[in-house]
Structures are given as structure tokens and as C-alpha cells.
Amino acid sequence: FDEETELGKYFQKKHFGNSIISIILFFLLHSCTPKQKADLIIYNAKIFSLDSAMTEFESIAIKKGKILELGTSEFILKKYQSEKEIDAEKKFVYPGFIDSHCHLDFPEFQSRLPEVLANMKSSQVSHALCVSVDIPDFPNVLKLAQENDNLYASVGVHPDYEDTPEPSLDFLVDTASQHSKIVAIGETGLD
């Protein structure tokens with residue numbers, strides 16, 4: 001159409017108007033995109049991803065104990081929402097750590113085990129490795145692991161337990177291979 005005619009001006013305005021409406025709709029739709037839900041957001045932190053480059057991030061979104069995403073605080077807070085958001089105040093955060101050594105089978109923990117497990121949960125310690133110190137008490141360690149989804153077991157003997165039978169390597173490997181909740185062999189006594 002010739003832009004000088006009335007019909008040409010009409011189509012030019014109509015085309016221009018449709019473009020404006022399209023742009024406005026695009027921005028409205030994208031600005032109204034709901035945030036993804038996370039169980040926990042930590043922001044304003046120094047988060048080391050522990051990758052080969054030791055990449056540092058400011059923020060992390062977590063759901064069901066798994067990392068959803070790492071990024072800048074602005075990016076994570078725009079993309080995710082959570083009832084629990086923590087301003088880390090530039091403190092260090094190392095995601096993915098597990099308490100790799102505890103003795104929850106010891107007598108002093110037996111009456112307090114529900115309290116200890118609740119404290120682990122409230123402190124966001126997602127898993128723990130209950131370490132065996134001798135073979136006679138190993139069944140108690142294994143039972144703890146089998147009864148609690150977030151606990152795992154090792155099989156082994158602590159060097160300070162001199163009056164306990166020393167297991168053979170074959171015994172340790174065979175025992176570990178028979179139980180999916182055994183994820184480690186040994187107790188080195190270096191703690």
C-alpha cells in the first residue's frame with residue numbers, strides 16, 4: 001500500500017498498534033511468570049561449588065535436599081521463592097557436605113537418638129555415616145542405618161579397641177557387599 005493514501009496510513013497504524021500490543025503482552029506474560037518453589041534459599045553468601053575451578057557463587061536454591069541452582073543473589077531470588085530464606089551475610093557455604101563420622105550407636109545416644117536426629121534435620125544435616133568401632137557392636141550400627149533413611153554405616157574396628165577381634169579384609173568386603181546401607185569400610189582412629 002502507498003503510505004500516502006488513507007488506506008496505507010490505516011494499515012501502517014494498525015500494524016504499528018499490533019506491534020505495540022505484542023510487545024506489551026510479551027513483557028506482561030514474562031514478568032508474571034511464577035517463581036519456582038524451593039525449600040531453602042541461601043543468598044549473600046560465598047558459596048564454593050567444589051568443581052574443578054572452585055567456582056564461587058552468591059546464592060543457592062535447594063529442594064528436597066538437592067541443589068536446584070547456583071547463581072547471583074539477584075538471579076536466584078528472582079527465579080525462586082521459599083518460605084525459608086537465609087541471608088548468609090557473606091559467610092562461607094560449602095554445599096553437599098555430609099557428616100561423615102558419628103557414633104550414634106554409643107550408649108550415651110540411645111535415649112537421645114530422636115532428639116539427635118531432630119537436631120540434624122533442623123540443622124539441615126541431611127545424612128550421616130555411623131562408624132563401627134568393633135565387630136561385636138557392628139550389628140547395632142547396621143540396625144541404625146537400616147531403620148533411618150538418612151543414616152549409613154561403616155564396618156570396621158577402631159585401633160584403640162585392642163581386645164576386639166580383628167576382622168579379615170575378606171570379612172569386611174563380604175559384609176559391606178551384602179548390605180546397601182554400608183558405604184564404607186574401616187575406622188581409622190585418626191579423628
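Glu74 and Lys78 join their side chains in a salt bridge, with N and O 3.5 Å apart. Both residues lie in helix H2, 4 residues apart, which is about one turn of the helix. This is a predicted model, so take what follows as a tour of a prediction. In it, the protein has 6 helices and 13 strands, and buried residues make up 30% of its 191 residues.

**Salt bridges**

- How many salt bridges are there? The count comes to 5, and the pair of Glu74 and Lys78 is one of them.
- Glu74 is exposed, because its relative accessible area of 55% is over the 50% cut-off.
- Lys78 is exposed too, at 59% relative accessibility.
- Helix H2 has a hand in another bridge: the side chains of Glu69 and Lys79 meet at 2.8 Å, N to O. Glu69 sits in strand S6 (residues 66-71) and Lys79 in helix H2 (residues 73-79), so this pair ties together parts that are 10 residues apart in sequence.
- Is Lys79 exposed or partly exposed? Lys79 counts as partly exposed, because its relative accessibility is 28%, and that falls between the cut-offs of 20% and 50%.
- Glu89 and Lys91 also form a salt bridge, and their closest N and O atoms are 3.6 Å apart. Glu89 counts as exposed, at 53% relative accessibility.

**The sheet with S6 in it**

- Strand S6, home of Glu69, belongs to an open sheet of 4 strands in the order S6-S5-S2-S8, with mixed pairing.
- Which strands stand at the edges? They are S6 and strand S8 (85-87); each has a single partner strand, so one side of each is left without a neighbour in the sheet.
- On average, neighbouring strands of this sheet are turned by 15° against each other, direction ignored.
- Inside that order, strand S2 (residues 40-43) and strand S5 (residues 59-63) run antiparallel and are joined by 3 bridges.
- If you'd like a spot to look at, try Ile41: its bridge partner in S5 is Ala61.

**S12, H6 and S13**

- Further along the chain, strand S12 (residues 151-155) and strand S13 (residues 182-185) run parallel, with 3 bridges joining them.
- Between S12 and S13 the chain passes through helix H6 (residues 169-178), and this β-α-β crossover is right-handed.
- Ala153 is a handy place to see the pairing, since Ile182 in S13 stands opposite.

**The two sides of helix H6**

- Which residues of H6 are buried? Leu172, Thr175 and Ala176 are. Looking down the axis of H6, you find its buried residues within an arc of 95°, so they line one face of the helix.
- What do the buried residues of H6 pack against? Their partners are helix H5 (138-147), S12 and S13. S12 and S13 are also the strands that the crossover through H6 connects.
- Turn to the face of H6 directed away from its buried side, and you meet the exposed residues Asp170, Ser177 and Gln178.

**The contacts overall**

- Taking the contacts in the protein with a separation of 6 or more, 58% are between residues 24 or more positions apart.

Definitions and conventions
Residues are numbered from 1 along each chain as its sequence is written. This is a predicted model: local features need pLDDT of at least 70, side-chain atom pairs count only at pLDDT 80 or more; totals for chains, interfaces and linings use all residues. Side-chain values use heavy atoms; hydrogens and water are left out. A salt bridge is a side-chain nitrogen of Lys or Arg within 4 Å of a carboxyl oxygen of Asp or Glu. Buried means under 20% relative accessible area, exposed over 50%, partly exposed in between (1.4 Å probe, protein chains only). Two strands pair if DSSP finds at least two bridges between them. A crossover is right-handed if, with the strands pointing away from the viewer, the path from the first strand over the helix to the second runs clockwise. Axes are lines fitted to C-alpha atoms, for helices over the stretch in contact, and angles run from 0 to 180 degrees between N-to-C directions. The arc is that of the directions from the helix axis to the C-beta atoms. Contact means heavy atoms within 4.5 Å.
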